[in-house]
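Me: Got a ligand-bound model to go through. Can you walk me around the binding site and then the odd backbone spots?

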Amino acid sequence: MKTLQSIKARTGEAFGAPLPASTEAQVDAAAEAAAATFGDWSASAGSVRAALLRGLASALEADREALVPLADEETALGPVRLNGELDRTAFQLRRFADMAERGDAFKFTDDPAVAGGPPVGHPAMVRVRVPLGPVAMFSASNFPFAFSVLGGDTASALAAGCPVVIKAHSGHLHLSNRVFGLIQQVLKAQGLPAGLIGMIQGGGSDVGVRLVQHPAIAAGAFTGSTRGGAALQAVANARPRPIPFYGELGSVNPVVALPGILAARGAELAATLAGSISLGCGQFCTSPGVIVLLKDAASDAFVTQLQSALAAQMPHAMLTPAMRIAFDAGVAHMIKAGVTTLLHEDGSAEAPRPFLAEVSAREFIAKTALHDEVFGPASLIVRAEHVAQALDVLRAVGGSLTVSLWGVETESAEARQLVRHATQIAGRVLFAGVPTGVAVTAAQQHGGPWPSSTQPMTTSVGDAAMDRFLRPVALQDAPAWLLHRQGQAC
Ligand code: NAP
C-alpha cells in the first residue's frame, strides 16, 4: 500500500502517522458515489443547499481550536493568518448559502412567445441553467482553508447543485482529513448521502489524473501552479468527452507606479509594497512580482525605499521543502538571466530572505524567462524609458490575475492607455493598495488571461464563481408544470 507522510513545514520533520494514498478503486468509487448523488442534489431546493453550507461553516468554526494548530504545523502560516482564513472560509460558505437560499442558481430568462413568422415571431423560450455534474476539486497548498477542502470551489459547486470529489493537497494532509471528517458528520446529521462530498489523496499525478479522467466527472476546479493546471487541463481535454477545467494558476501581478505618486508618497508606498511582497512568505497567487517604474528621480528614490523596507521584512518558513527549493531555483534563474540584484541575502534553512532585482524594460520584454512567477518573497523592478514602454511590459506579461496602477487619478491619454492595457491582461485592476487580499464579494473577478487562469471569463472567488458549474439550457414551449419549477432543475 502506498503511504503519504505529512511533514512539519517549519522543520521538515515527519508529522503524524503516514496516511494511505487512495487506490485506483477508491478514486473510481468516490467519483461513482458522487455521481449517484447528482440527481437528487441537482434538483434540491435552495434551502437544503443553504442548510448544508451553513452546517459546514459552523462545523469549521466549532473545531477551530483543533484545526488552526494542525494547519499551523503543516503550513507554518501562523495562527493569526490561519484564524483569519478560517473566518473567511466560513464567510464564503455562508455567502453561497445565502445565494442558494435566494435561488440565484435557478435564475432564468423568460422570453414569451411572439406571434407571427420568424425572425420576429418565435415560440415561448425560457433559458434556465442546470448543474454540470460531479466536480473534481484540487486544493491549493497556500490557502489550507480558503482554497482547500471547504474552500470557494467546493462551496460554489455545492451551491450550484453539483457533488464534489476533493483531491486533498499533499502539503496539509492531516488538516484535510480532519476537515473531511467534519464534512461527513454534517452530511450524516442532515440526512444527506456521504458520497455528495468525497475526498481522495495521493502524491504525484496518478490520483488526480485518474479522477479527471473518470467518466462520471463533469468538470474540474483547480487552484495551484501553472504547470500542474496545464497538465490537468490537457488531461481534461484529452478525455473521450472533454470537460470544462477551471484552473486558477500562478501570476506575476505587475504594479505600475508613476513618478507623481512616488514623489508624494514614496516611503509609505514602499513600506506597503514590501509588506505585500513578503506577506505569507510571498506565497500568494496575487503577490506583486513585477514592479514597473520609469527612469526619474522619484522612481530612483522609491527603489532605495523599497530595498530598505524589504530588507526589514522577516518572512517565515515556506509551505513545503519543495517550495523552498523551487524558490531558490527561481531566484537563481533570474540572476542567470542577467538581472541586477538589489537585495539577496542568504536565508536560513527554515526561512528564505526577500529578493529584489532590477532589469530594463527592453531586457524584460526580450527575456521570456523573466515573465514566470517566482513563488515566494521575490520581486523584479522593471525600468521603462517612458509610459509607452511600460505598456509594452504589460503586453509582454500577457496574462495576470491583477495589475495595480498607482498614479492615474487624473484622466489623460496615458492614463487611458494604461487602463486599457491593464484591463486587457488582468482580471482585477487596482488603483490603490496592493493586490494581496481578494475580497469575497459580488463584483470580484479572480482569474485572468493565460497563464493566470485556464478560463479567463470565469472567477474562482466571489459570487460569480457559482456560474462555472451551471450550464444554460433553453426550454422551448415548456409545459406549465415545468415552468412552475421557476428554474429549479428536475
Ligand atoms: P500545485 O503543486 O500545482 O498543486 C495543486 C494540486 O494539484 C495538488 O493537489 C497537486 O497534487 C495537484 N497536481 C499538481 N500537478 C499535478 C499533475 N501534473 N497531475 C495531477 N495532479 C497535480 O500548486 P500548489 O503548490 O498547491 O500552489 C502553488 C501555486 O498555486 C502557485 O503558483 C500559486 O500562485 C498558485 N495559486 C493560485 C491561486 C489562484 O487563485 N489563481 C491561488 C492560490 C495559489 P499534490 O498534492 O500531490 O502535489
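What follows is a quick chat about the ligand site and a few backbone details.

Me: Before we start, what kind of model is this, predicted or experimental?
Reply: It's a predicted model.

Me: OK. How many residues surround the ligand, and which are the closest?
Reply: 29 residues surround it. The closest are S141, H169, S225, E373 and H446.

Me: What does the side chain of H169 do there?
Reply: An N or O atom in the H169 side chain is 2.7 Å from an oxygen atom of the ligand.

Me: And the backbone? What about G202 and G224?
Reply: G202 places a backbone N or O atom 3.1 Å from a ligand oxygen. For G224, a polar backbone atom is 3.0 Å from an oxygen of the ligand.

Me: How much of the ligand does the protein bury?
Reply: 88% of the 900 Å² that the ligand exposes when taken alone.

Me: Which pocket is that?
Reply: The largest one; the ligand takes up that space.

Me: Which elements give two or more residues to the shell?
Reply: β8 (219-223) and α8 (226-238). The largest share comes from α8, with three residues.

Me: What's the shell like by class?
Reply: Eleven nonpolar, 15 polar and three charged residues.

Me: Where does the ligand lie relative to the domains, and why?
Reply: Between domain 1 (3-249 + 453-483) and domain 2 (255-430), because both give residues to the shell around the ligand.

Me: Switching to backbone. Which bond is cis at P119?
Reply: The peptide bond joining P118 and P119, with omega about 10°. P119 is in the loop between β3 (109-111) and β4 (125-131).

Me: And at P451, is the bond from W450 cis or trans?
Reply: Cis, with omega near 10°. P451 sits in the loop between β16 (426-430) and β17 (470-476).

Me: Last one. What's the phi of N253, and where is that residue?
Reply: N253 has a positive phi of about 50°, although it is not a glycine. N253 lies in the loop between β9 (245-248) and β10 (255-257).

How values were computed: Residues numbered from 1 in each chain as written. Predicted model: local features only at pLDDT ≥ 70, side-chain atom pairs only at ≥ 80, totals over all residues. Heavy atoms only, no water. Near = heavy atom within 4 Å. Polar contact = N/O pair within 3.5 Å; in protein donor to acceptor, adjacent residues only side chain to side chain. Areas by Shrake-Rupley, 256 points an atom, 1.4 Å probe, with all protein chains shown as cover. 1 Å grid on protein atoms, 1.4 Å probe; cavity = no way out; pocket = protein on both sides within 12 Å on 5 of 7 lines; lining within 4 Å. Sits in = over half its atoms within 2 Å of the grid points. Helix = DSSP H or I, 4+ residues; strand = E, 2+ residues; numbered from the N terminus. Nonpolar A, V, L, I, M, F, W, Y, C, P; charged D, E, K, R; others polar. Domains from an automatic or database assignment.
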